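Trainee: I would like to go through some labels given to this structure. Please show it first.

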Amino acid sequence: MTKSKLVMSNNSDPFDSHSNDPIERDNRAAAKITDPDDAGEPAAVAEQMRCLQAMARERDAIIDSSSDGLFVCDNHATVIRINPASERIHKIKADAIVGRNMVDLIEQGFIDRSAALEAIQKRATVSLLQKKDHRKLISTGTPVFDDSGELIRVVVSERDITEIDTLQRCLEEEQAIKDQLQTQLAEMQQRLIQTQKIIARSPNVVKLLKQALKVSKADSSVLITGESGVGKGLVANLIHKNSHRAEKPLIRINCGAIPESLIESELFGYEKGAFTGARAGGKPGHLELADGGTLFLDEIAELPLSAQVKLLRFLEDGRVNRLGGTQARQVNARILAATHRDLKQMVGEGTFRHDLYYRLNVIPLVVPPVRERKECLLPLLRYYVDYFARKLGSPKRLSHAAVESLMAYPFPGNVRELMNICERAVVMSELEVIALEDLPRDVVSHTGNAGATPSVQWPPQMTLEQILQSVERALLLEATQKYRNQSQIAAALGVSQPTVARRMKKYGLMASLTIRER
């Protein structure tokens, strides 16, 4: 019997130095009883001990065979155990780590952050990204509590995601190439987009660019309309750069940003002594500065009626009279105007001259809002995230969750708001990957990704595939009530028309749309 006990003492738990560990105490207790007759314990107790030994061996096998690295720390963040996967990840033996505290390991540069320490501080599961030897590790610290709620352990799992991150980026690049190949832009338009930073993937934007290129060859007045922030100025710049006036200046004036008392002098100029404070030699107006080139009148709806009369006269004869002057000057400037307001309604209300409206509205161009440019949204997000990341000098990219939230957000402020959100996310994100918490609260709460429980509760017996099909069918059914044909549905949902046709046939919705088309 003594020999049997001696053998088991040689197989004692490797954590003898940590006598307060309850798991280790269980192991040692199980190891002590090898012969129930010798120990004088009932057979039932001996059987329990053998079961406990088997469970301990099974636990050890699971920990050691895990492909993820595992650290087990006590409630003070002192390392109790690491598994072979962690030894491979950190290229170090367990003997060099066990018994050391995470605070000391951080100070020595072994790791830059500790999920165990943060989990102890927050008393909750914590996930963070670590960088080690040009590799990326994702670490998750999970606190373990006893029955009385006392923290007794922290288990940290870690995984080397360097290869996964590289593969993910490659997949995103492949998808971006695929999206580009599927667009209907011609080769000339593709080159134009690259030089002018106009991203066009949606059919309505492609159509707009075609119209703008065609208009650029003429000298007709153009009225560009659209909501605030959609990029009306970019369209004006595109027209000018592709016209025969490209070598001459493009002069911009925001009619809403200049006080009404100064708008005429800014637009038409003034002569010496025209008014108190006038420059001694007089000053040419924006129309004269645009001679040979283009004058872009942004927010034309804010132009006072008195200035509207003079602008109409210029459009009719091409002559400019400075304030306080008696001699007219001949000016060759093309007029491009833009507004987010309904000029036709303003004409009916008497706040905008009808003759000027028809003079400006020779060729109307409508810039669609971002919510109607679904195919453009993801390329726009990627472009501006990369743009602001380059300015910041730190690589950034959007996580899948962030992309899903941004894709579902309507962007009432259009491209201007999209730029602001991208800049904020790039600046506020501490990691390379921009997560949901880096986005504005309005974006996350609007799309239902704020962490709240979804309002729709699916039957527990439904599989994920069944739920997805249910949602897809509901969306298509709703679309058949709003749109008259498959092309409109495809444009609204951001997919191709053949895809819509296949899905509608799959769910038996072809008849619903046929009735609408009639």
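The talk below takes one strand and two cavities in turn.

Mentor: This is a predicted model, in which local features need pLDDT of at least 70, side-chain atom pairs count only at pLDDT 80 or more, and totals for chains, interfaces and linings use all residues. Residues are numbered from 1 along each chain as its sequence is written, and side-chain values use heavy atoms, with hydrogens and water left out.

Trainee: What makes residues 334-339 strand S13?

Mentor: Strands (E, at least two residues) and helices (H or I, at least four) are DSSP runs, numbered from the N terminus. S13 has six residues.

Trainee: Why is S13 called largely enclosed by the rest of the structure?

Mentor: Buried means under 20% relative accessible area, against over 50% for exposed and in between for partly exposed, with a 1.4 Å probe and protein chains only. Six of the six residues of S13 are buried, so the strand is largely enclosed. Arg334, Leu336 and Ala338 point one way, Ile335, Ala337 and Thr339 the other way, and all are buried.

Trainee: How do you know that strand S6 and S13 pair?

Mentor: Two strands pair if DSSP finds at least two bridges between them. S6 (residues 222-225) and S13 have four bridges, in the parallel sense, so by that rule they pair. Leu223 has Ala337 as its bridge partner in S13. Strand S10 (residues 294-298) also pairs with S13 in the parallel sense, over five bridges, and there Phe296 is partnered by Leu336.

Trainee: What makes a space a cavity?

Mentor: On a 1 Å grid over the protein atoms alone, a cavity is a set of points where a 1.4 Å probe fits but cannot get out; lining residues have an atom within 4 Å of a point. Grid points are joined across faces, edges and corners, and a volume is the space filled by probe spheres set on the points. The search finds three cavities of 30 Å³ or more. The largest has a volume of about 160 Å³. Among its 16 lining residues, Ile198, Val230, Gly231, Leu234 and Arg373 are the closest to its centre. Helix H10 (203-216) gives the most to this lining, three residues.

Trainee: How many residues of that lining are called nonpolar?

Mentor: Ala, Val, Leu, Ile, Met, Phe, Trp, Tyr, Cys and Pro count as nonpolar, Asp, Glu, Lys and Arg as charged, and the others, Gly among them, as polar. The lining of the largest cavity has 13 nonpolar, one polar and two charged residues. The second largest cavity, of about 80 Å³, has six nonpolar, four polar and two charged in its lining.

Technical notes: On a 1 Å grid over the protein atoms alone, a cavity is a set of points where a 1.4 Å probe fits but cannot get out, and a pocket is an open set with protein on both sides within 12 Å along at least five of seven lines; lining residues have an atom within 4 Å of a point.
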